[in-house]
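Work through the exercises below with the sequence and the 3D view open. Try each task before you read its solution.

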Amino acid sequence: MRIGAAKQSYAADEALFDSRTQRIWLGVLAVALVVLPFVASQYWLYLTCLVGINIIAATGLNILTGYTGQVSLGQAAFMGVGAYTVAVLDKTLGTPFFINLIAAGGVAMLVGMVVGIPSLRVKGLYLAIATIAASFILHFVFANWRSVTGGTAGLTVKPASLFGIALDSEFRLYWLMLPLTAVMVLGAANLFRTRIGRAFIAIRDRDISAEVLGISLLRYKLLSFAISSFYAGVAGGLWAYFFRSVTPESFPLLMSIFFLAAIIVGGMGTILGGILGAVFMTLVPEALKMVFGWFPNAAEMAVHLAPVRIMVFGILIVGFLIFEPHGLAEIWRRVRRFFHLWPFRT
Amino acid sequence: MTAAANPILEIDQVTLAFGGVKALNGVSFEVAPGSITSVIGPNGAGKTSLFNTISGFYRPTAGHIRFLGEDITQRPAPQRAKLGLARSFQNIALFRGMTVLDNIKLGRHCHLHTGVLDALFYYGKARREEVRLRADIEERIIDFLEIDHIRNAPVAALSYGLQKRVEMARALAMQPKVLMLDEPVAGMNREETEDMARFILDVREEWGVTILMVEHDMGMVMDISDHVVVLNFGEVIADGTPAAVQGNPEVIRAYLGSGDVEELRRKLHGEVEA
Amino acid sequence: MSFDWWMLFEVSLAGIGSGGLYALAGLAFVLIFKATKVVNLAIGEMLMMGAYFFFAMASTLGWPIWLGVLVAVLGSGALGALVERLLIRPMLGESPISVFMITIGLSSILVGAVELIWGADQMRLPDFMPSDPVLIGEAMVPPKIFYGFLVATSLIAIVLVVFRFWRGGIALRATASDQAAAYSMGINVPRVFSMAWVVGAMVAAIAGIIVGSISSLSPTMGVFGLSVLVVVIVGGLDSVAGALIGGILVGLVEAWSGTYLGGEYKMLATFSLLVLVLMVRPYGLFGTHEIERL
Amino acid sequence: QEDIVIGGSIPMSGVFAFAGIGIHAGIQDYLKIANDAGGVKGRKFKYVFEDTAYKPDVSVAAFKKITGGNKVSLYYGDSTAFSRTINPELERMGSIMMAGASFATEINDPKKFPAQFMAGPDYSEQIGILLRHIAKEKPGAKVAIVYSDSEFGRDPVDEFRSTAKKLGLTVAAEIQTAPGSVDVSTEVIKLRRSDPDYTIFHGYILAPIPEFVTQMKKSGAKSHFMGTFWTMDSSTVMKLGEAGDGFMGVMPYRYYYDTSAKSPMLDKIRQMRPEYQSTAYMQGFLTTMLFVEAAKRTVGAGKPLDAKNLKAALNSIKNFDTGGVIGVPITIRGNSIPVGRIYKADMKAKTMVPASDWIHLE
Amino acid sequence: MQDAVLEINNIEVIYNKAVQVLRGLSLRLPRGQIVALLGSNGAGKTTTLKAVSGLLALEDGEMTRGSVVLDGVDTARLKPHELVRSGLFHVMEGRRVFEDLTVEENLVAATYALTGRRATSADFDLVYEYFPRLHERKRGLAGYLSGGEQQMLAIGRALIARPKVMLLDEPSLGLSPLLVENIFTIIARINREQGVSMLLVEQNASVALAVAHTGYIMETGKVVIDGPAEKLAGDPDVREFYLGMAGEGAARSFRDIKHYKRRKRWLS
Ligand SMILES: Nc1ncnc2c1ncn2[C@@H]1O[C@H](COP(=O)(O)OP(=O)(O)OP(=O)(O)O)[C@@H](O)[C@H]1O
Ligand SMILES: Nc1ncnc2c1ncn2[C@@H]1O[C@H](COP(=O)(O)OP(=O)(O)OP(=O)(O)O)[C@@H](O)[C@H]1O
Ligand SMILES: [Mg+2]
Ligand SMILES: [Mg+2]
């Protein structure tokens with residue numbers, strides 16, 4: 001509890017960022033994000049954009065898995081749907097990117113809802129495996145519906161363009177990614193201040209009693225799938241504009257696992273968790289690369305980098321689940337509490 | 001007191017079977033508006049099943065349920081909640097990932113209107129609705145049930161008694177016309193039972209809510225009910241005022257037993273010494 | 001051209017045969033699930049470990065085949081015990097979803113370890129099964145498939161018999177149902193846990209050795225586990241007989257779709273089967289329904 | 001004087017590590033030779049690489065990192081997906097010419113991939129070389145193709161069909177296997193029943209070829225078996241064991257131990273590395289040789305090192321002697337070098353021996 | 001002093017390394033007796049029983065001080081299942097039947113307490129004799145039993161295990177008055193016929209004090225009163241707060257309870 005933060009009204013108590021310090025830090029962060037592209041190298045900008053895409057997708061998954069309790073291993077496939085939507089629209093209609101992105105979200109949403117239908121009968125881990133099935137079926141469609149998806153070779157995408165400027169470099173794309181990521185994350189945070197978010201959590205905690213309390217399971221499970229895959233679709237659309245080549249192999253099951261790992265490591269069922277997890281998991285390989293660079297025999301060690309990366313990926317999942325099940329978000333909260341109370345530590 | 005001319009809830013020849021087991025068999029009774037009606041009966045008699053049927057978790061195999069004169073037998077559970085049927089659960093069913101406040105807010109779910117887009121942007125309507133809800137819950141429910149000190153606590157950390165109270169708060173947030181309580185004082189000691197009894201009486205008096213209750217604590221049931229229904233093997237074996245039911249020999253045989261602790265003590269100890 | 005019935009027969013035999021392998025791997029999964037309620041996504045990687053252990057003994061060290069198999073199976077058992085002790089036991093009492101994700105992490109760790117130790121190249125196991133095809137009528141059954149099927153069905157039969165006449169089966173299920181309560185019945189819960197993982201890992205190792213000898217060794221061998229997941233979901237996560245039926249079913253569906261539609265349809269067909277079964281029977285063909293009461 | 005930078009997305013780990021490690025050594029060795037010889041007009045070559053684990057996204061990241069930190073003129077990419085993904089970026093930058101481990105047919109199109117090339121025949125051309133050999137050995141033969149359900153595998157299938165027809169061969173079967181599928185018995189049944197004279201495998205490194213070959217031989221089928229470049233490394237073929245005897249495949253380069261003709265470059269390689277080097281090594285080595293040659297010609301003409309000039313220089317290569325790495329002089333008209341030769345496995349000697357002369361596609 | 005089969009000496013329990021629940025609790029269970037442990041919700045009764053049966057660790061709890069002595073043996077180093085096999089059976093709060101096992105399989109599971117020797121069918125018959133309702137449903141899944149039936153099953157499992165000491169956590173929870181009587185009669189019978197000593201946690205104080213020889217009352221982790229059951233039942237505080245008697249022996253009416261909060265004298 002923040003010292004001296006007595007609330008004057010219920011409205012103030014319901015606010016998202018309730019203390020002044022919080023708002024100040026938020027401002028600092030915003031300024032830093034605006035300055036970043038002018039000082040960071042191309043590579044770091046590239047990573048930042050990637051982080052943005054991953055944050056959107058992870059936040060989407062967090063809504064479904066972290067908040068609604070429906071484990072999904074289909075997030076990457078839904079991203080694929082979004083990416084293909086963008087690529088196909090770009091190729092056939094040449095619609096502006098903004099419309100393409102919304103369509104990407106929309107189509108992914110529809111597909112997500114179809115995949116969500118079994119969730120009414122199929123529970124828990126059975127559902128998780130059903131989503132694996134869905135992602136393989138989608139992969140099949142990507143690879144074999146040649147007239148639309150270009151088969152295994154996939155499709156290429158022209159750069160997005162805004163006011164006649166082609167967003168073809170990291171620097172330019174950044175100005176699309178950043179605000180979009182912020183808006184999507186804020187939207188998710190808002191969701192959980194209202195009845196819809198509460199209904200999701202209720203379904204996660206005890207779905208059968210939720211129904212008797214007036215929450216239609218059909219409606220809300222599908223809604224959760226819809227919102228979550230909308231996020232994935234938008235992320236996938238951005239992905240398409242970022243890499244500008246979309247193939248069936250671009251969205252492997254491993255990528256879905258990556259997002260799941262991101263929300264575990266970040267903290268399931270908290271918005272901050274999705275963000276921290278996506279940032280952390282995207283940057284861990286970089287950190288590893290740096291560590292490997294310190295070895296005197298760096299060139300020979302390079303061979304071991306990939307296996308070590310795979311292992312570290314697993315160890316992070318396992319380690320967080322065992323030692324810090326609430327993830328980075330919880331660590332962050334503890335740190336904050338410490339500083340708020342400091343020096344009056346109890 | 002028997003059912004008044006216009007019962008608020010009517011159970012009409014309800015039968016519920018699980019495979020071969022008939023949990024309910026032609027159960028009929030009525031609940032008068034503003035009354036406290038208790039359903040009692042041996043374990044496995046079908047009381048919880050009856051509640052589940054009324055709230056829509058089970059569909060009866062036969063029979064009808066009428067609420068406020070309307071036949072709701074075919075309505076899905078969430079709609080019944082919206083009509084004003086709220087309940088608590090025999091095995092506490094709070095949402096353990098939420099705070100007390102959110103649990104209570106959740107109760108109001110079906111009376112709120114925020115849509116997805118409103119929620120994502122949290123502008124005007126959604127915001128107003130949330131703030132109004134918060135005020136209402138604070139002033140009417142949290143104060144009433146004396147749980148203001150725990151409003152931000154996660155429910156998992158609460159003691160059993162408090163959890164039961166939060167369940168009741170959530171049910172009240174549903175703005176019920178009929179409040180169904182499944183064993184509200186099970187596992188409570190005398191003191192807590194008295195607290196709960198007081199809340200039940202107050203809810204009825206101050207809010208005019210009709211109470212339908214399952215309970216095995218005969219002290220409380222016989223004391224505060226207006227009307228008692230006794231189930232056994234899924235059938236109604238007695239139906240009437242507490243006094244009438246208490247004297248019914250069949251009820252005594254199937255359910256109440258001697259009901260006399262002194263006699264029990266003598267029996268136990270007599271045998272121990274023997 | 002009339003329909004080639006012999007080909008259908010031959011293909012079906014091959015499908016049933018490889019279904020036996022699925023069933024064997026499914027058995028490893030089911031044993032673990034039955035006792036610990038852990039949905040083990042790392043099952044494919046456990047197979048892989050068994051195969052690599054065997055490779056290390058039989059190829060690298062050049063030990064005799066039987067010794068290699070024995071040591072690989074025992075080594076896998078030890079690995080199973082280790083995994084249970086380090087990763088699963090700390091999760092006692094946590095939600096099944098968390099434990100499921102632990103196994104995802106485990107699969108990653110195992111893949112990384114294999115790649116670190118043996119590299120990512122494909123490798124071949126020494127041939128140790130008779131290599132002449134088995135003839136059933138005019139139909140030829142590949143030897144590895146045939147003998148693999150024999151091993152699989154005999155192991156499953158043994159397990160079925162054991163569960164039928166030994167109260168240990170009940171202990172297993174009791175432990176899965178409620179660990180604290182199982183403790184209070186005098187059941188040695190940690191031992192049930194580690195036994196389940198040890199035996200599961202050993203069965204997986206046997207499956208892995210056979211699978212590895214049919215195709216080849218590589219760190220991506222774990223993909224096999226995906227088909228195993230389909231098998232156990234179709235059969236029911238906790239049913240030994242279900243693993244057998246599910247395995248054969250999936251084997252047949254794969255064989256038929258591969259033959260008459262083309263290789264690219266195999267995965268599609270199996271996963272469609274999975275979705276179909278789940279829609280009709282959410283707990284698989286023989287799985288136990290979760291009890292839901294208010 | 002500025003170094004000429006060669007960047008590399010190299011799969012040092014992952015499923016393609018065996019190739020990546022060879023490629024890496026090949027690039028390093030040729031650069032050493034070039035730098036020892038004084039580089040280009042005193043400018044040395046510098047090699048900057050990152051491991052990609054054969055993952056396109058990692059590969060792209062490596063590209064960004066390397067090109068962000070160096071002025072890169074030449075680049076070695078590791079996969080088709082990467083080549084395709086990075087292509088728009090290459091066009092936008094206009095400063096880099098790229099080659100890589102992919103022999104995808106698609107990339108062999110100077111219009112679509114103006115800044116890329118491959119140091120050998122594309123997959124369709126490889127299949128073409130094989131078919132040509134078959135047509136010569138046994139006119140009118142029945143041929144089958146077994147390929148994996150992946151981009152790699154599907155690449156030359158259309159070409160297979162049309163070329164076979166052109167050469168008067170009969171297509172007995174086209175069999176696609178699911179990626180990572182373990183048991184291929186049903187596919188073997190299908191293959192056996194189609195009774196081909198020749199079976200070409202494409203899109204695999206090793207598995208499931210051994211199981212196919214063994215089961216086919218045991219069942220008495222008389223087919224010959226063939227593979228394409230990435231299957232044909234000596235050590236890979238030897239893993240087929242006894243059943244692999246006579247396994248044939250197309251190879252654009254000489255094997256490390258091939259001393260059947262004079263080859264100063266191979267002598268140099270054998271001197272630098274006394275132990276066997278894979279065909280991937282040869283691929284990396286030759287790619288670098290062409291990189292260096294293009295850079296030499298560009299700098300020699302006094303032009304700036306950009307994609308257009310480098311590519312033009314590369315395409316000016318005519319009757320170029322690779323020092324015996326390829327047995328005939330080469331000419332690079334488009335994005336590929338459509339030359340290759342059939343080698344055959346001799347399991348007793350544990351080597352690949354030439355089974356045809358060099359075949360040049362026009 | 002009578003020989004104690006179970007002694008709890010000054011134990012402290014902490015959950016999650018943070019919440020202290022028991023603060024130096026001591027208790028004796030004389031051989032062959034029934035001891036009732038009463039207290040309000042959250043006082044730590046269940047925790048006490050778990051500390052004895054060693055099930056704390058499963059919930060992140062830890063006994064930081066004190067000892068539990070079973071039949072002269074310190075139990076600190078014994079695992080829960082070893083404790084069960086040496087004759088201590090814990091009937092847990094909330095019944096905890098194995099939901100996806102049948103009634104009969106639930107009983108079979110309890111035979112693990114018998115270290116190797118199989119239960120005879122006579123043991124099962126005994127359970128079915130005590131609880132005929134279980135016999136009717138013996139092939140049904142325990143998860144579908146009603147609350148009361150599950151409670152019967154939980155006690156039935158204890159019977160199969162033939163323990164020396166039985167820990168009963170709220171056996172009357174959710175049972176009909178008749179069944180409460182029956183179950184307590186059975187509990188008394190088991191105690192008498194088989195000499196099983198029992199530590200009984202109950203909210204239904206009147207019945208508990210009726211069946212028990214000795215009673216302990218605890219508040220927030222400590223024992224506040226103890227003594228022979230009859231004496232406790234006569235204590236004015238106990239009568240008011242646990243038995244609901246208004247002074248002179250007549251039961252207080254719920255309708256008369258006004259809105260005021262009373263305090264327990266031993267707390268002030
Ligand atoms: N889903 C179900 N499937 C099968 N049988 C069921 C199911 N639900 C309840 N039953 C059976 O129906 C009968 C009535 O159960 P119910 O839970 O309604 O009893 P109850 O009167 O509430 O008892 P208690 O007072 O012990 O809670 C029991 O015999 C129970 O086993
Ligand atoms: N696993 C746990 N983790 C943290 N705190 C716990 C845990 N279990 C119990 N507690 C806390 O310990 C205290 C005592 O709990 P306990 O269950 O022993 O009480 P009890 O006397 O049995 O109450 P009741 O009559 O409600 O069963 C309570 O405040 C409870 O919140
Ligand atoms: Mg009930
Ligand atoms: Mg308790």
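**Exercise 1. Describe the area buried between chain E and chain C, and find the residues that lose the most area.**

Solution.
- Step 1: Start with the area. This is a predicted model. In it, chain E and chain C bury about 2600 Å² between them.
- Step 2: Split that area by atom type. Carbon and sulfur atoms give 62% of it.
- Step 3: Look at the side of chain E. L58(E), F98(E) and Y112(E) lose the most area to chain C. Together they make up 26% of what that side buries.
- Step 4: Count the residues in contact. Chain E brings 29 residues, and chain C brings 24.

**Exercise 2. Find the salt bridges and polar contacts between chain E and chain C, then describe the side of chain E that touches chain C.**

Solution.
- Step 1: Count the salt bridges. There are 3 between chain E and chain C.
- Step 2: Inspect E105(E) and R173(C). They form a salt bridge, and their closest N and O atoms are 3.0 Å apart. The cut-off is 4 Å, so this pair qualifies.
- Step 3: Count the polar contacts. Across this interface, 9 residue pairs are in polar contact, with both residues at pLDDT 80 or more.
- Step 4: Name the elements of chain E that give two or more residues to this side. They are α2 (80-85), β6 (88-91) and α3 (103-110).
- Step 5: Sort the residues of this side by type. The result is 16 nonpolar, 6 polar and 7 charged.

**Exercise 3. Identify the protein donors of each magnesium ion, ligand 3 and ligand 4, and say whether they are buried or partly exposed.**

Solution.
- Step 1: Take ligand 3. Its protein donors are T48(B), through OG1, and Q90(B), through OE1. They lie 1.8 to 2.2 Å from the ion.
- Step 2: Place these donors in chain B. T48(B) is in helix α1 (residues 47-55), while Q90(B) is in the loop between β6 (85-87) and α3 (100-107), so the pair ties together parts that are 42 residues apart in sequence.
- Step 3: Check their accessibility. Both T48(B) and Q90(B) are buried.
- Step 4: Take ligand 4. T46(E), through OG1, and E93(E), through OE, coordinate this magnesium ion at 1.8 to 2.5 Å.
- Step 5: Place these donors in chain E. T46(E) sits in helix α1 (residues 45-53), and E93(E) sits in the loop between β6 and α3. They are 47 residues apart.
- Step 6: Check their accessibility. T46(E) has a relative accessible area of 15%, so it is buried. E93(E) is at 32%, so it counts as partly exposed.

**Exercise 4. Decide which chains touch chain E.**

Solution.
- Step 1: Find the pair with the most contacts. Of the 7 pairs of chains that touch, it is chains B and E.
- Step 2: Test chain A. No contact joins chain A and chain E, and their closest C-alpha atoms lie 13 Å apart.
- Step 3: Test chain D. Chain D and chain E do not touch, with their nearest C-alpha atoms 36 Å apart.
- Step 4: Add chain C. Residues of chain E are in contact with residues of chain C.

**Exercise 5. Describe the surroundings of R193(A).**

Solution.
- Step 1: Locate R193(A). It is in the loop between α8 (170-191) and α9 (195-205) of chain A.
- Step 2: Judge its accessibility. R193(A) is at 13%, so it counts as buried.
- Step 3: Look for a polar partner. The side chains of R193(A) and N190(A) share a polar contact of 2.7 Å.
- Step 4: Look beyond four places in sequence. R193(A) touches several residues there, including E14(A), Y122(B) and E130(B).

Definitions and conventions: Residues are numbered from 1 along each chain as its sequence is written. Chains are lettered from A and ligands numbered from 1 in the order in which they are written. This is a predicted model: local features need pLDDT of at least 70, side-chain atom pairs count only at pLDDT 80 or more; totals for chains, interfaces and linings use all residues. Side-chain values use heavy atoms; hydrogens and water are left out. Donors are N, O and S atoms within 2.8 Å of the metal (3.2 Å for Na, K and Ca); water is not among the atoms, so sites may look incomplete. Helices (H or I, at least four residues) and strands (E, at least two) are DSSP runs, numbered from the N terminus. Buried means under 20% relative accessible area, exposed over 50%, partly exposed in between (1.4 Å probe, protein chains only). Contact means heavy atoms within 4.5 Å. Buried area is the accessible area (1.4 Å probe) that two parts lose on being put together, summed over both. A salt bridge is a side-chain nitrogen of Lys or Arg within 4 Å of a carboxyl oxygen of Asp or Glu. A polar contact is a pair of N or O atoms within 3.5 Å; within protein, one must be able to donate a hydrogen and the other to accept it, and residues adjacent in sequence count only if both atoms are side-chain atoms. Ala, Val, Leu, Ile, Met, Phe, Trp, Tyr, Cys and Pro count as nonpolar, Asp, Glu, Lys and Arg as charged, and the others, Gly among them, as polar.
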